[in-house]
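Here is a two-chain model to explore, one corner at a time. Have the picture open while you read, and look for each spot as it comes up.

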Amino acid sequence: MEKLLEIKNLSANYFAQDIKIPALRSVNIDLKKGETIAIAGESGCGKSTLALAVLKLIEFPEGEVTGDSVEFKIEKNSIDLLRLKEEEMRKIRGKDISLVVQDPYSSLNPVIRINKQLAEIYRIHHQTCEDIDIDGISKKYLKMVHLPEPQKILFSYPHQLSGGMLQRVNIAAALINNPDILISDEPTSSLDVTVQKKIMDMFFELKDNFNLSQIFISHDLNLISAFADRVYIMYAGRVVEEGKTADIFTSPAHPYTIALLEALPHLNAPGLDLKSIPGEVPAPESIGIGCAFAARCSHSRDICFNSLPELKKINDNHFTRCIKR
Amino acid sequence: MFIPLLIGITVISFTVMHLTPGSPVDDFKMNPNIDARARHRFYKLYGLDQPLYIQYAGWFGNVITFDFGRSFKDGRKVLTKILERLPATLLLNLFALGVIFAVAVPAGVLSAVKQNSFTDRFLAVLVFAGYSLPAFALALILMYVFGVKFGWLPISGMVSVNYSYLSFWGKVFDLLKHLVLPVITSAVGGLAFMSRYMRATVLEVMRQDFIKAVRARGVSKKGIITVHIFRNALIPLVTLFGLLIPSLIGGSVVFETIFSWPGMGRLAYGAIMSRDYPVVMGVGVIMALLTLIGNLIADIGYAAVDPRIRYEK
């Protein structure tokens with residue numbers, strides 16, 4: 001299948017006082033047309049930074065995005081997002097590539113009605129005449145994300161809606177310009193479980209009904225196993241393993257992936273103690289040249305601390321960055 | 001809230017005024033034709049020999065029927081004296097408020113958007129200079145430079161001597177010319193404060209999470225500043241508006257005296273100096289009322305700009 005997005009050696013740094021904090025280190029990710037990929041990892045591994053970096057939303061003085069290229073195929077043409085000027089990049093955001101951020105409560109302007117905010121997103125990406133029924137279009141999308149009483153919601157302020165409703169509005173906002181790629185950054189993690197289920201059902205529906213390619217960022221491996229075609233496991237700003245969802249879950253190769261899967265609770269084995277990974281994710285600025293996971297890894301040897309393992313091929317789709325293989 | 005606050009204000013100002021050394025009859029002490037007995041009769045006539053709370057009760061009883069009494073000095077009704085001075089004070093303060101908002105808001109936004117740039121630093125220096133310069137000193141400098149040295153602007157009064165002979169537009173122009181210096185003087189302090197505050201608010205809104213989400217939808221930087229940040233930055237500004245009014249009105253006493261502006265502030269100054277109690281209290285009540293009305297407007301404005309504190313079905 002044709003590659004829609006090809007991220008090559010993408011890095012992102014944040015600037016704090018006088019130091020650079022490398023949150024994303026030379027990440028390579030491909031997204032094919034119609035495919036859903038998942039980015040998985042613990043908090044602080046650079047998942048959200050990846051989403052922001054692809055859209056070039058990290059800028060001076062906050063930080064910087066560097067790398068070889070981010071090739072994006074748009075109608076036969078291929079453009080490199082990294083080389084785009086801000087104004088051209090702006091036209092891609094929310095139109096060709098949409099982002100649903102993690103916290104629904106802080107993703108909409110609190111003092112503007114929903115209809116105005118949706119209309120703004122539609123209008124900035126379309127040359128519209130005045131008499132177009134933008135509220136009608138917005139309503140169509142609000143219905144699509146299963147919001148009851150779209151008319152009422154359209155004229156509400158964000159504080160009048162619940163977290164689940166807000167996240168649906170955000171998804172509607174992300175879809176309103178029919179994007180090619182939808183990036184969702186932990187879209188359900190700040191919602192309670194029953195609402196999570198409903199939102200995920202909707203994501204499944206979107207996957208089936210739209211010709212949408214999705215980058216799904218999550219730390220919830222159960223969700224990922226049900227939802228994604230391929231999985232990228234990230235650790236401390238690097239991709240440590242990538243592969244088909246089935247391969248990752250049945251024959252994980254990287255010790256980190258193995259540990260993550262072992263830490264999952266099992267419904268059919270109650271009473272077992274939950275395993276956890278000793279230690280915690282190192283702060284990005286304190287990572288040395290070697291494998292960032294070495295300090296927590298039970299298989300680590302001296303060489304792990306001194307040099308970064310190559311990405312090794314297990315099969316055509318399955319790669320890992322570990323010397324064990 | 002409104003009424004108890006007003007009563008509290010009057011009780012305090014009434015007490016403070018009577019505790020202040022000196023009395024309305026001090027002026028007569030130098031007059032050899034008025035002896036101690038005459039002064040005492042005067043005292044009794046005004047009821048100043050009564051205990052303070054009786055005096056207050058009497059005064060308050062009259063005030064609720066809108067009778068502020070008569071001036072000790074010229075026997076005219078206090079309310080009449082105030083009402084003929086009020087428009088001048090309101091005019092001056094409304095202009096000052098207008099100038100503060102018209103200058104402070106863009107200046108604050110500009111220095112926030114171009115944070116740490118030359119523009120930002122330049123505005124900061126200008127603003128701090130304005131803020132640290134005492135208003136009376138600034139008034140004197142402005143009067144010297146624009147009034148005396150260049151002779152461009154009148155330095156005192158509200159209208160020129162030939163005002164009544166001017167055409168309508170001539171009158172407006174004359175009035176505006178007289179307004180320039182007093183308005184600048186009274187606006188500078190609030191201006192400095194407001195523009196710094198606006199800068200801080202805009203910076204704070206810029207750091208909020210929703211700004212990133214809005215950018216991710218492709219809204220331009222200009223759109224973010226003019227629509228999204230501005231709307232949110234207005235909220236604390238409205239609260240400040242309520243705080244600004246008392247300081248402006250309090251400042252009127254100083255500015256109006258310096259510029260011989262025929263307003264309520266100057267009336268108050270004269271009344272305080274000659275211990276004209278009814279006038280002092282009358283002006284005090286009106287100023288307190290204006291302040292409270294300002295706060296009320298700010299509260300209403302607050303609901304207008306922030307939907308989160310509005311009641312909606």
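Let's start with Pro61(A), which sits in the loop between helix H1 (47-54) and strand S4 (63-66) of chain A. (Helices, H or I runs of at least four residues, and strands, E runs of at least two, come from DSSP and are numbered from the N terminus.) The peptide bond that joins Phe60(A) and Pro61(A) is cis, with omega at about 5°.

Before going on, some ground rules: this is a predicted model, where local features need pLDDT of at least 70 and side-chain atom pairs count only at pLDDT 80 or more, while totals for chains, interfaces and linings use all residues. Residues are numbered from 1 along each chain as its sequence is written, chains are lettered from A and ligands numbered from 1 in the order in which they are written, and side-chain values use heavy atoms, with hydrogens and water left out.

**Two loop residues in chain A**

Two residues of chain A have a positive phi without being glycine: Gln17(A) and Glu186(A). Are they buried or exposed? Here "buried" means under 20% relative accessible area, "exposed" means over 50%, and "partly exposed" is in between, using a 1.4 Å probe and protein chains only.

| Residue | Phi | Loop in chain A | Relative accessible area |
|---|---|---|---|
| Gln17(A) | near 45° | between strand S1 (3-16) and strand S2 (19-32) | 81%, exposed |
| Glu186(A) | near 45° | between strand S8 (181-185) and helix H7 (193-209) | 7%, buried |

So Gln17(A) counts as exposed because its relative accessible area is 81%, and Glu186(A) counts as buried because its value is 7%.

**Where the chains meet**

How big is the area buried between chain A and chain B? The size of an interface is often given as the accessible area lost when the parts come together. Buried area is summed over both parts and uses a 1.4 Å probe. Here that comes to about 2300 Å², and carbon and sulfur atoms give 53% of it. On the chain A side, Leu57(A), Val111(A) and Glu120(A) lose the most area to chain B, together 23% of what that side buries.

The contact (heavy atoms within 4.5 Å) takes 29 residues from chain A and 22 residues from chain B. There are 4 salt bridges between the two chains, a salt bridge being a side-chain nitrogen of Lys or Arg within 4 Å of a carboxyl oxygen of Asp or Glu. One of them pairs Glu59(A) with Arg215(B), whose closest N and O atoms are 3.1 Å apart.

Which elements of chain A give two or more residues to the side that touches chain B? They are helix H2 (86-92), H3 and helix H6 (163-175). The largest share, 3 residues, comes from H3(A). Sorted by class, that side of chain A has 13 nonpolar, 8 polar and 8 charged residues. (Ala, Val, Leu, Ile, Met, Phe, Trp, Tyr, Cys and Pro count as nonpolar, Asp, Glu, Lys and Arg as charged, and the others, Gly among them, as polar.)

Now look for Asn109(A), in the loop between strand S7 (97-100) and helix H3 (114-124) of chain A. Asn109(A) is buried, with a relative accessible area of 0%. Leaving aside neighbours within four places in sequence, Asn109(A) is in contact with Gln117(A) and Pro158(A), and also with Phe210(B), His228(B) and Asn232(B).

**Over to chain B**

Chain B has 11 helices and 0 strands. Of its 313 residues, 42% count as buried. Its C-alpha atoms fill a box of roughly 85 × 55 × 35 Å along the principal axes.

Take helix H10 (residues 264-273) of chain B, where Met264(B), Gly265(B), Leu267(B), Ala268(B) and Ala271(B) are buried. Down the axis of H10(B), these buried residues fall within an arc of 160°, so they line one face of the helix. (The arc is that of the directions from the helix axis to the C-beta atoms.) An α-helix has 3.6 residues a turn, so residues three or four places apart point the same way. The cover over the buried residues of H10(B) includes helix H4 (78-113), helix H9 (221-258) and helix H11 (277-305) of chain B.

After H10(B) comes Arg275(B), with a positive phi near 50°. Arg275(B) is also among the residues that Phe72(B) touches, along with Pro24(B), Tyr46(B), Asp276(B), Tyr277(B) and Pro278(B), not counting residues up to four places away in sequence. Phe72(B) lies in the loop between helix H3 (52-63) and H4 of chain B, and Phe72(B) counts as buried at 14% relative accessibility. Phe72(B) and Asp276(B) are 204 residues apart along the chain, with their C-alpha atoms separated by 5.6 Å.

Technical notes
Buried area = accessible area lost by both parts, 1.4 Å probe.
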